[in-house]
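I opened my notebook for a fresh structure today. Here is what I looked up, entry by entry, with the questions I asked along the way.

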Amino acid sequence: MNELQARTFALLKRRNIYPKVETDIRLVQCAGRRDDPSSFSANEAALQLGLTKCLIHQPRFLSLTLTEGEPASLLLEKRLISHFGSQNVLLGSKEDYLIPITLDLDPLPLEATGIVCGVAGKLVRGSSGRFLDDVNIEMSYLSTAKAGTVMVEERDLERAMEALRVGENGVNVP
């Protein structure tokens, strides 16, 4: 295990931070349809209405990214897709989903750095500590000040959890 990964997992262990999987949450990654970025369209109105309905239903997971000149990017629970009505409002596969693995980073000091890189590196190397070129774990990572969420496909969930459970000495932790 490289130095950054060792430091990251030692810090997580000292603060009793362990990965948590909520297997009943299925996340879908999609984008809002944007026909003409210079005008407000029916698709944009439908997107806003869908987001409002999602918020009313108090989602357990919803991430929205807005950037100038680009359509909205969403990562949300599969059960919330129906709030967007027409299939034309959201782009992307609604059948491919990701499982979130959450790390509660609240106990860490604000100056803690390298967490995302350490966790991602551990997933790429797996529990063996060697690169997993032939069996890559495809992942996405969403980080906030209070939580880190690794998202993997269901078929990779067990291998990802195994890699994240391995402690600094190669010993499995809870």
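**Entry 1: R14 and helix α1**

Does R14 count as buried or exposed, and at what relative accessibility? Before answering, I noted that this is a predicted model. I found R14 in helix α1, and at 59% relative accessibility it counts as exposed, since the cut-off for that is over 50%. I also looked up a partner far along the chain: L108 is 94 residues away from R14, and their C-alpha atoms are separated by 9.9 Å.

Next I checked the length of helix α1, residues 3–14. Its 12 residues should span 16 Å at 1.5 Å a residue, and the end C-alpha atoms are 16 Å apart, so expectation and model agree. I then listed the buried residues of α1 and got Q5, T8, F9, A10, L11 and L12.

**Entry 2: either side of α1**

I looked at N2, which sits in the segment before α1. With a relative accessible area of 33%, N2 is partly exposed. Its C-alpha atom is separated by 8.9 Å from that of G118, although the two are 116 residues apart along the chain.

After α1 comes N16, in the loop between α1 and β1 (20–21). N16 is exposed, at 57% relative accessibility. Its phi is near 55°, a positive value in a residue other than glycine. I reminded myself that most residues other than glycine have a negative phi.

Q58 also went on my list, with a positive phi near 45°. I placed Q58 in the loop between α2 (42–56) and β3. Q58 is exposed, with a relative accessible area of 66%.

**Entry 3: the overall layout**

How many helices and strands does the protein have? I counted 4 helices and 8 strands. Along the sequence they follow the pattern α-β-β-α-β-β-β-β-α-β-β-α. Of the 174 residues in the protein, 37% are buried. Among contacts with a separation of 6 or more, 68% are between residues 24 or more positions apart. The accessible surface comes to about 10000 Å², and carbon and sulfur atoms hold 51% of that.

**Entry 4: strand pairing around β2 and β4**

I followed β2 (residues 27–32) and found that it pairs with β4 (residues 73–77) in the antiparallel sense, over 5 bridges. On that pairing, L27 stands opposite E77, and C30 has L74 as its bridge partner. β2 is also joined to β5 (residues 90–91) by 2 bridges, again antiparallel. There, A31 stands opposite L91.

β4 has another antiparallel pairing, with β3 (residues 62–65), over 4 bridges. L64 of that pairing stands opposite L74.

Why do I call β4 largely enclosed by the rest of the structure? I do so because 4 of its 5 residues are buried.

**Entry 5: the nonpolar cores**

Which residues touch the most other members of the largest nonpolar core? They are I101 and V119, in a core of 21 residues. The elements that give two or more residues to this core are α1, β6 (98–104), α3 (115–125), β8 (147–153) and α4 (157–165). α4 gives the most to this core, with 5 residues.

I then listed what V119 touches, leaving out residues up to four places away in sequence: T8, F9, L12, L103, Y141, V150 and L164. I also found a second, separate core of 13 residues, which includes C30, L47, L51 and L80. For context, nonpolar side chains tend to be buried together in soluble globular proteins.

**Entry 6: confidence**

Last, I looked up how far to trust each part. The protein averages a pLDDT of 82, and 83% of the residues score at least 70. Where is confidence lowest, and where is it highest? The lowest mean is in α3, at 80, and the highest is in β4, at 95. I put a flag in the margin at residues 167–173, where pLDDT stays under 50. For that stretch the model has 13 contacts beyond four places in sequence.

Key:
Residues are numbered from 1 along each chain as its sequence is written. Side-chain values use heavy atoms; hydrogens and water are left out. Two strands pair if DSSP finds at least two bridges between them. The expected span of a helix is 1.5 Å times one less than its number of residues. Buried means under 20% relative accessible area, exposed over 50%, partly exposed in between (1.4 Å probe, protein chains only). A nonpolar core is a set of buried Ala, Val, Leu, Ile, Met, Phe, Trp, Tyr and Cys residues joined through side-chain atoms within 4.5 Å. Contact means heavy atoms within 4.5 Å. pLDDT is the predictor's confidence in each residue, from 0 to 100. Accessible areas come from the Shrake-Rupley method with a 1.4 Å probe; for residues, only the protein chains shown count as cover.
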